Each structure stands twice: as structure tokens, then as C-alpha cells.
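The following exercises are to be worked with the sequence and the model at hand. Each task is followed by a solution in steps.

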Amino acid sequence: MHRLLHILLLVLFTLSIHAQSEETARIMSYLQKAMNFNKVVPQEKVYLHFDNMGYFENETLWFKAYVTRTYDGHASDLSKVLYVELLNPSGDIVKTCKYPIDSLGVSHGDLKLDSLLTSGYYEVRAYTRYMTNWGTNAVFSRVFPVFKAPKKEGDYSDLTIRTMLYSNRDPNNRTSDDSLYQKAIDEGIYTSDLMKTISVQFYPEGGDMIAGKKCRVAILAVDDNGHPHEEEGFVMNEKGDVLASVQTDTLGRGMFELVPDTGKLTFQMRNLKKSERRNVQYFTLPEAKTEGCVLSVDAINEQMLATLQCTRGVCGNLLGYVLMHNGNIIRCDTMKAAPLIEIELDRKAMPEGVNQLTVFDSWGRIMAERLFFICPKPDKGDCIRIVAKTQKLKPCGKVELELNTKPNANLSFSAIDAHTMTNGKQGNMKTWMLLSSEVRGYIPNVDYYFEADDAKHRKDADLLMLTQGWRRYDWRLMSERYTFRKAQPIEDQFYLNGQLKTYRKRNPVSNVHLYVSLYNQKGESLLGNAQTDAEGNYAFKMPFMDGEWKLSIYTTRDMKKNEKRKTYLVGIDRQFTPEPRYITPAERQILHPLKPNVFTKKPFQELEEEDEFIPITQRDHVIQNVTVKAKRRYFTNDDWRYKNEAYGRRYAVLYYDIDRERDNILDGGERMPSLLNFLAKKNSLFTYYRAETSNHQSESSDSQGGFSEYIGDASDMCRYDGDLINWIIDNGARPLLDVHIDELYLDEVKSVYIVPGDPRVMDNSTFIYVYLHTKFTTESNKGLRRTYFQGFNKASTFKTEDYNVIPPMADFRRTIWWQPDITTDEQGKAKVEFFNNSTCEEMYISVEGMTEDGKVLVNE
């Protein structure tokens, strides 16, 4: 169908040159460019399948990634490098890992949760470098609760989680761009009586309200905490006449119809949190335009109808429309603008997922645009059936399962102890590929939109499209009205590229030679050279490699002449991580855990006598003699706690890896900042200003072992959220009584820990622990930049005890088994075998995967 449509467009385009109008020729030209867009600028999607729904501190998060081409859903053959990040509640990146993507478009790895400062809601993101050209909305994202580690091994009943961030005590570095909820919060976050405590966003169907034309407007109402606001609202004109009313649903969404005029329109809604005297709030609607088109789509009925209303100034002009799915044109045509145009759309003939209808003029300008969702029809062939070969679960006993689905499918498998599940499900691969990846922000209970295809579900899905729709395929780029600027390449191998600038004026420097040297701890090394172009850019192609490598970049005009080296700012283009998105309140709620779906326990079922579990600690066993070779470690005082940063980490809620932060700054071609300047820019709660009084510094009388407490300085008065700051500086070697905090630069600092309102002291002052380098391992001389290059991270292997070899023992695994690399045979079958833990009586099993032709598979 796609090829036939392409041929038809070429024929029409050729005929238009000779027989049709100039308007038609332009429209056909835009359509031809749009059809080629997926070939010229293909896109990718990433989905991660996880081993569990929630985690505890010190556990390991396992995942498998599926990378596909967006336009056909097949495994991607573009990017070969996957980036997986762990972000803390504030939006700071805690860990970044690189994993290779194989020829099947898959990758797998793990994130260890053993170095987190606090419990909280953590975000896992996955993307390729190429995907960052489309911003945060194109990135896979999932939020997990990470609870405090159990006080007693195996006791997962205490679900303690830290929520201080959301009481505004911690800085929030998450962006408010393209976030409906955050925009709403920005309007009402303050408690002043003069500020709003609810916010309403308006979304005219098709894009604009047009004066004198019947329009439909969707709304989204939230309170000052970002929670949906369920209430009735009214639209009034300047005379106070009520033109329309609307009742928002439990998600704060609603829709009303009206015929606007050119005057000011006001929307009023009650706020039950306010007193009776001030319980009504007013909002201004978008201004209605005098010329344009209104597009309305009936997405509820089986035979869908798109209605286009055009104003007098538009009537008579030639318009085009295009219906797209994943950037593929499935229908297009031209039409003469008229007061009323109807376009029939057959729901059964449209692809499953999000479809996009765009109406444009002969100059390619968008007149109206609309997204709508087509719910997939249930298909047993897309399911993975799980057959238990083991009759019943035994403590530490062997479990055998058989998976039945499509032949030669690539699957990932997770078995969870149902009684230790701490959170509910948030969709699967099908819901992500067809819906979640095509909208903006988080979708509460995304499975709801797939459970039925009746009028109620269609209406709710339509409200979702109107309030959270995101254009992955922008018509302005597809028609080449706007130029697509590909800032990041398709990473089919490792690239080292950047820009060279002068130190003082930061102007690009051309014709400078760069010599690169990389080496690792194994003694392996790589060498390379390049020269900057007219804009100061350079680039190196490097082979794939594993682990961390030390990187040195030498710069010189002419190495042979041994000229005097100059100081350049050597920027490296590797800071392409997307902005952290806003986490909605719905994502910070613990969902009800799912019911077991395998080995469900019958009522009053008890273990038989021979199945009773007796741990190894209660039996008699003989072990071989062992020899202890390590010496016992003695400590004469508490200095060791400070030197390994454990003391700073003990109460800290914020941690900055200054080595990484410094590299980020230098990569951007910026100068080395002072520590205070860095903190003021990084953390909105940290402030300082220059004082004009004489210097004052006080040292704590109990300072010990390389520590000094620095409280204030006349040259730099610092506050953290209004609190005084106690600076504790340590390099693990020498006393620092003569160190001034305003004299420290980032190349001297290793790490920073922030403890707001330290519980060890009576006052509410903030403690900031600053750990220094004993020597500057990344210090750069003139013409030299020293840093690190991260190769692929090595994926760990999920391991369990082999209870065929050793006797049963106390085993409290919550994820009982994780297997990311299962392939079904020619009959569509695969066998899975593993050992149970010592306590599991019921399991929840999650299996997801994909066929060779891109068909998504999930278990029943």
C-alpha cells in the first residue's frame, strides 16, 4: 500500500507540472517530501522490561532493552549504543551505563542500588544518542519506589520511603518544559492568598479557537500539588453570559463546546479548598482568531467523521490533508476550502495506536491538526502462554515452566515472589509502543485504554490525546518548511567529537592539531589524531571497548616545530543527556500489587511434612578447613570514617560527584568555576553574596584528622535555604585550618555531600562536607586536556544457588529468577528452569518479547 501510494504521488506530481495549478504542485511537493522523511530521518524507540515493580536499597535492578525503528516496529539496525540512567528524586543523574545493542535490536544489563543516599522515587531512563535529537519526550522513562533496606533480612513489610523533596526542602532540578502538571504547579505553588491554588490548561481541538465557528475545547485542571481537580466549571463572555459548562473527571479532564466571539472569554471554577468567600477562581481562555480552520474529529463512533470549518478568508484556497501513523502516510488528498468539509475515516482500516490528521495550506502551513487513538483488537496470537510443569512450589525446589508463543521470538522472563511485591504494574511493551511513547508525560493506569474498545474508553482516550498529545512527527519538519537539525549522530560506533575554543574570548579555533591517547588498567592503549575545521570542530572514530579509559587530548598548531603550547578550552560533545522531566503525583503513589498468576495458593493449603523448610543453620553440616590470609584491621580512632567519605554520606540527602561535574563543564567549553559558583548554579537553595566587612573564620575546637569547620567568611556569606552553613573540608591527609572555601576550585574537589538540618546538632544549620583530592589526577597543563572515556559497562549475570548441589538455606530473593535472553524454537516453545527461594508460595511471572517482524508479545 505504501509503495502504491508513493507511485500515485509521483504520477500526480508529474501531471501537476503540466496540467494543474501551482498550488497543487506545491502541496504534492510537500507530500512527497513527507513520504521520504522516514527514509532520510528515521526514528527509534526504546522499551525496557524490568525484573520487578519496586525495589529496596542495596538490591539490583535488572532490565532488558528492546530498540526498534519507529516507522515499522522492527528491530533497529541504526544505533549500537544504549544509554541507561538512574535519576534521583531531584532529577540528578546518579548512574549512567552504556550497553551494546546487538543485531536483534536488544540489550540487557543491571543497575545496582547500593550507593543511593536515601530511599525515594527514582527514575530509570533509556535512550540512544540519536534519540536525543527529539528531546525528553522521545526517551523511555519509568519511575520506581526504592524503599529503605529491611532491618531484618527477608522482612519486606516495612515500606519506608523518603518524600522530603516534595515538601520543598530539596532542590528540584527537573524541567517544567512541556509538562502540563508542572506548568499548573508553577501557577499555584505559593500559599499567598493572592495566588491561585488550582490551575486550568486549555486545549482547543485542532489547535485554535476561531471566532464565529463552533469549537470544542479540552481542559486539564490540577490543584497546587499537581493532583487532578474534579469540579464543575463555566465559560463566560465579557457580559457575564454563560456560554458553556463542563464537569472534569477524576483525572481533572473535561471538554466543552462553544461559539466564541472576538471578546475576552473567562473560565470560572470552584476550589473547595478555599473559604466560601474566595471559593471561585477565574482563568482567561486563549484568544479566538478571526481567520483559520476548526477541525473536529468524532473518534467515538465506528465510522469516524472529521469536520473542517473554514472562515471566509480561507474559503476558496486549496488545502491538503494527510493521515499518518508512525510517520507513514496512510491517506492524503487535496480539497477546496469551504465553510464545511466532511472527511469520513474508517476506524477498521486505520493502524492500531496513535494516528495523526494534519490539514495544511498550499504553503505547507498547518491549519489544524489532531491526534486520535485506535485501540488494538484482542489477539491470542500476541500472547505468551505459561504452562507450569512443576506441580507445586517447594522451598528451594526446582521450578520448570514452558512458554508458548510465536516461533523464533526473542523474550525476557521474570519470576517474582508474589508476597514480596511492593508496587503494582505500570503497563507493558504493548502499551508503551502503541500509546505511552506517543504522548507527553505519564499516563495513570495506562492498561485501562487497552482493556475495552467501547464508547466510554474511546472518549477517555480522546481526552488523553487532546490534553497530553505529543507530535513525534512534526509536519513542519516532514514537509521541510523547517529544517531538521540533527545535533547528535546515529552512534553505530563510538565517537569522540567536540569543539576547540580560545581560553579568554572562547572563540572557535581552526587548524589546530589534536592528538588523542587512551589507555586502561589492563595496559591496552589507543592513539589517534585529527585537525579542527574552520569552526573549531574535531571528531575521532573509535572502536567499541569495555570499561573506563583514561583520555588525554594534546593540542598544538604544529607538533614538528615544537611551538609553545597555548591554553585552549577543549570541549567534548558528550553532554547530550535529555533534561529530566517532571514527576507527576500519580507516579509517586504506591500501586496495589498484582495478584499471583502462577502457582496460586489454594485457601488453607499447607505445606506437607516432607516439604517443611529447615534452614541450613538448624542442621548439622561439616565444612572443609579454611585458612584466613587477610589481616584484621584495627582502628585507633574514628579518622577512617572521614577519609572514605562514609561520615559525609551517613546523613547526606544530596551528593555531587565533582569529578563528573567538572568534566561536564569543561566538555561545554567553559572555564573552571569556583566551588561556590558551581553550587549556586547547580542548587537553587544555595546562595552566597560578597560582604564588605573584614574576613572572619572560626575553627572548631574539636577539629581532628584533616578536618576544619569553616563557618562563614566575610568575603562569601553563604546560606542553604536560609540556613547558616557549616563547612567541613577534608583531604584525608593534612589539617585544613588555613583553607578558605571561597578559594576552592572544582579541580581541587572530589565530592560534596549536603546535610540540611543535620540531626546531630541542636540548631537547624546545614552541614556541607567537601572532600578534596590528595593529588590532582585530572589536572590539565597548557595544551592538554585530561579526562576519562567510558566504554561499555559489563552486564552482570543473575545468579542463584544450585540446590541440587548444596542443601537448602535461608533464601529471601524477591526476584526469584531473571532471564533476559530466551528464544523460542520453531514450534514457538521455550523451557525455563530455576530454583525457588525458601519462602515463596505464590509467584507473579512477567514475560515480554518481540518477533522477528516486530510483533509485540506479552504474557496473559
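Two strands count as paired if DSSP finds at least two bridges between them. The model is predicted, and every value below is computed from it.

**Exercise 1. The seven-stranded sheet**

Determine the strand order of the open sheet of 7 strands and state which strands stand at its edges.

Solution.
Step 1. The order of the strands is β40-β25-β42-β43-β23-β24-β41, and the pairing is mixed.
Step 2. The edges are formed by β40 (815-823) and β41 (829-835); each has a single partner strand, so one side of each lacks a neighbour in the sheet.
Step 3. On average, and with direction ignored, neighbouring strands are turned by 20 degrees against each other.
Step 4. At one edge, β41 pairs with β24 (residues 398-404) in the antiparallel sense over 7 bridges. In this pairing Leu401 stands opposite Val832 of β41.

**Exercise 2. The four-stranded sheet and its helices**

Describe the open sheet of 4 strands, and identify the helix that packs on β18, β19 and β21.

Solution.
Step 1. The strands follow the order β19-β18-β21-β22 with antiparallel pairing.
Step 2. Since β19 (328-336) and β22 (366-374) each have a single partner strand, they are the edge strands, and one side of each is left without a neighbour in the sheet.
Step 3. The average turn between neighbouring strands, direction ignored, is 15 degrees.
Step 4. β18 (residues 318-325) and β19 are antiparallel partners over 8 bridges, with Met324 opposite Ile329 in β19.
Step 5. Helix α2 (residues 22-40) packs on this sheet through contacts with β18, β19 and β21 (353-361), and its direction makes about 170 degrees with that of β19.
Step 6. Helix α5 (residues 455-468) lies across β21 and β22 and runs at about 140 degrees to β22.

**Exercise 3. Aromatic pairs**

Classify the ring pairs Tyr55 with Phe144 and Phe140 with Trp432, and locate their members in the chain.

Solution.
Step 1. The whole structure contains 33 aromatic pairs. The cut-off required here is that planes over 60 degrees apart count as edge-to-face.
Step 2. The rings of Tyr55 and Phe144 lie 5.4 Å apart, centre to centre, with 75 degrees between their planes, which makes the pair edge-to-face.
Step 3. Tyr55 belongs to strand β2 (residues 55-56) and Phe144 to strand β8 (residues 140-147); the pair therefore links distant parts of the chain, 89 residues apart.
Step 4. Both Tyr55 and Phe144 are buried.
Step 5. For Phe140 and Trp432, the ring centres are 4.8 Å apart and the planes stand at 70 degrees, so this pair is edge-to-face.
Step 6. Phe140 is in strand β8 and Trp432 in helix α4 (residues 429-434), so the pair ties together parts that are 292 residues apart in sequence.
Step 7. Phe140 is buried at a relative accessible area of 3%, and Trp432 also counts as buried, at 13%.
Step 8. Ring pairs join Tyr47, Phe50, Tyr55, Phe140, Phe144 and Trp432 into a cluster.

**Exercise 4. The nonpolar cores**

Which members of the largest nonpolar core touch the most other members?

Solution.
Step 1. The largest core has 59 residues, of which Leu48, Phe50, Val84 and Val124 touch the most other members.
Step 2. Leaving aside residues up to four places away in sequence, Leu48 touches Phe63, Lys64, Ala65, Val84, Val124, Ala126 and Phe140.
Step 3. A second, separate core of 25 residues includes Phe413, Phe798, Val832 and Met843.

**Exercise 5. Helix α9**

Which residues of α9 are buried, and against which elements do they pack?

Solution.
Step 1. Within α9 (residues 658-667), the buried residues are Ile658, Glu661, Arg662, Asp663, Leu666 and Asp667.
Step 2. They pack against β31 (568-570), β32 (654-657), α10 (675-682), β37 (749-755) and β39 (784-790).
Step 3. At the start of α9, a side-chain oxygen of Asp657 comes within 3.3 Å of the backbone nitrogen of Asp659.
Step 4. After α9 comes Gly669, with a positive phi near 75 degrees.

**Exercise 6. Positive phi in a loop**

State the phi and the exposure of Arg506 and of Asn511.

Solution.
Step 1. Most residues other than glycine have a negative phi.
Step 2. Arg506 has a positive phi, near 55 degrees, and Asn511 has a positive phi of about 55 degrees.
Step 3. Arg506 is located in the loop between β26 (494-502) and β27 (513-519), and Asn511 is found in the loop between β26 and β27.
Step 4. Arg506 is partly exposed, with a relative accessible area of 35%; Asn511 is partly exposed, at 45%.

Terms used:
Residues are numbered from 1 along each chain as its sequence is written. This is a predicted model: local features need pLDDT of at least 70, side-chain atom pairs count only at pLDDT 80 or more; totals for chains, interfaces and linings use all residues. Side-chain values use heavy atoms; hydrogens and water are left out. A nonpolar core is a set of buried Ala, Val, Leu, Ile, Met, Phe, Trp, Tyr and Cys residues joined through side-chain atoms within 4.5 Å. Buried means under 20% relative accessible area, exposed over 50%, partly exposed in between (1.4 Å probe, protein chains only). Contact means heavy atoms within 4.5 Å. Helices (H or I, at least four residues) and strands (E, at least two) are DSSP runs, numbered from the N terminus. A polar contact is a pair of N or O atoms within 3.5 Å; within protein, one must be able to donate a hydrogen and the other to accept it, and residues adjacent in sequence count only if both atoms are side-chain atoms. Axes are lines fitted to C-alpha atoms, for helices over the stretch in contact, and angles run from 0 to 180 degrees between N-to-C directions. Rings of Phe, Tyr and Trp (its six-membered ring) pair if their centres lie within 6.5 Å; planes under 30 degrees apart count as stacked, over 60 as edge-to-face and the rest as tilted.
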